[in-house]
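Biologist: Please show me the structure, and then let us go through it by question and answer.

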Amino acid sequence: VITYNSLIDGYCRRGDIRSACLLMNKIRGTDPSKYKPDLVTFNVLFNGFCKMKMRTEVFVYMGLMWKCFLPNVVTCSTWIDMFCKLGDLDMAFRVFNDMRKDGLLPNLVVFTCLIDGYCKAGNLEVAFKLYEDMRQASLSPNVVTYATLIDGLCKRGKVEKAGCLFSRMLEDGVEPNSVAYTSMIDGYFKKGNVDDAMNYLSKMRDQGINLDVAAYGVIIAGLCNNGRLRLSTEIIEDMVRSGLNPD
RNA sequence: UCAAAGGUU
């Protein structure tokens, strides 16, 4: 089953949902006590559907799953993430409430999915309320949670608040990564504040965090959009020197 | 063996 699950996961990641489903149906069809899909098989398929925004297929397989398994935390976070990304926050919240009713404890990932959903919908109030809720549930926000909130603030133009949250993250003992820095840098560039963007870039480098392709993309575009073409060509040279190719 | 965050509009 583990081998099958990995195969199905591989198909899903390639975007080949068709092959994934065919394989799933095949192991469901080999009735005997030979192979049976387990909950992970369903989770993997759900994730594939979610990435492709195949909402109706999810409902079909939900029905199949219920016949043999109860959803676990991974199942629920996959559903919640999908509904959030489809913009159906009410449904996402419903899954969140239902899982608690069924005695499942939402974990860090579940909260972070919801927080991201509300951030992207522009509802920072609820996002921060969830951030408080998770702390009250004795869950410690990690760098993904913080990066999500920081990006939400930056995208709404609240770069100063994002900077405060960035500091709070450090006080909280959470190590920033390239994603958290990239959101801050992007936020400042979009405000036309090249100096503070470059400040965060220096901090990032001081901490020995390697710039990845997304980080370079933000910096290069930011410098270009702010008329600093000379500097941006230097950054491009850096990127090439570090062995990354502009994509 | 499975779930969450950043750049391209």
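The questions below concern the confidence in the model, the fold, the surface near the RNA and the largest pocket.

Biologist: What is the mean pLDDT of chain A?
Modeller: The model is a predicted one, and it scores ipTM 0.95 and pTM 0.95. In chain A, 100% of the residues reach a pLDDT of 70 or more. The mean pLDDT of chain A is 96.

Biologist: How many helices and how many strands does the secondary structure of chain A hold?
Modeller: Chain A has 247 residues, of which 44% are buried. Its C-alpha trace spans about 65 × 40 × 30 Å along the principal axes. The secondary structure of this chain comes to 14 helices and 0 strands.

Biologist: Which element gives the most residues to the surface near RNA strand B?
Modeller: At least two residues of this surface come from each of α1 (2–13), α3 (39–51), α5 (73–85), α7 (108–120), α9 (143–155), α11 (178–190) and α13 (213–225). One element gives the most, with 6 residues, and that element is α11.

Biologist: Which residues come nearest to RNA strand B?
Modeller: By class, the surface near the strand has 13 nonpolar, 15 polar and 13 charged residues. There are 41 residues around RNA strand B, and those that come nearest are Asn5, Arg13, Ser77, Thr182 and Asp212.

Biologist: Which part of RNA strand B lies 2.8 Å from a polar side-chain atom of Asn177?
Modeller: Of the strand's atoms within 4 Å of the protein, 52% belong to sugar or phosphate and the rest to bases. On the phosphate side, a side-chain N or O atom of Lys85 is 2.9 Å from a phosphate oxygen, and a polar side-chain atom of Lys120 lies 3.1 Å from a phosphate oxygen. For Asn177, the partner at 2.8 Å is a base nitrogen.

Biologist: Which element supplies the largest share of the lining of the largest pocket?
Modeller: About 230 Å³ of space lies in the largest pocket. The elements that give two or more residues to its lining are α4 (55–66), α5 and α6 (89–101). The largest share, 5 residues, comes from α6.

Biologist: How many residues of the lining of the largest pocket are nonpolar?
Modeller: The largest pocket is lined by 14 residues, and Met62, Trp66, Trp79, Val95 and Asp98 lie nearest its centre. By class, the lining has no polar residues and 3 charged ones, while the number of nonpolar residues is 11.

Definitions and conventions
Residues numbered from 1 in each chain as written. Chains lettered and ligands numbered in written order. Predicted model: local features only at pLDDT ≥ 70, side-chain atom pairs only at ≥ 80, totals over all residues. Heavy atoms only, no water. Near = heavy atom within 4 Å. Polar contact = N/O pair within 3.5 Å; in protein donor to acceptor, adjacent residues only side chain to side chain. Helix = DSSP H or I, 4+ residues; strand = E, 2+ residues; numbered from the N terminus. Nonpolar A, V, L, I, M, F, W, Y, C, P; charged D, E, K, R; others polar. pLDDT = per-residue confidence, 0-100. 1 Å grid on protein atoms, 1.4 Å probe; cavity = no way out; pocket = protein on both sides within 12 Å on 5 of 7 lines; lining within 4 Å. Points joined across faces, edges and corners; volume = space filled by probe spheres on them. Buried < 20%, exposed > 50% of the residue type's maximum accessible area, 1.4 Å probe, protein only.
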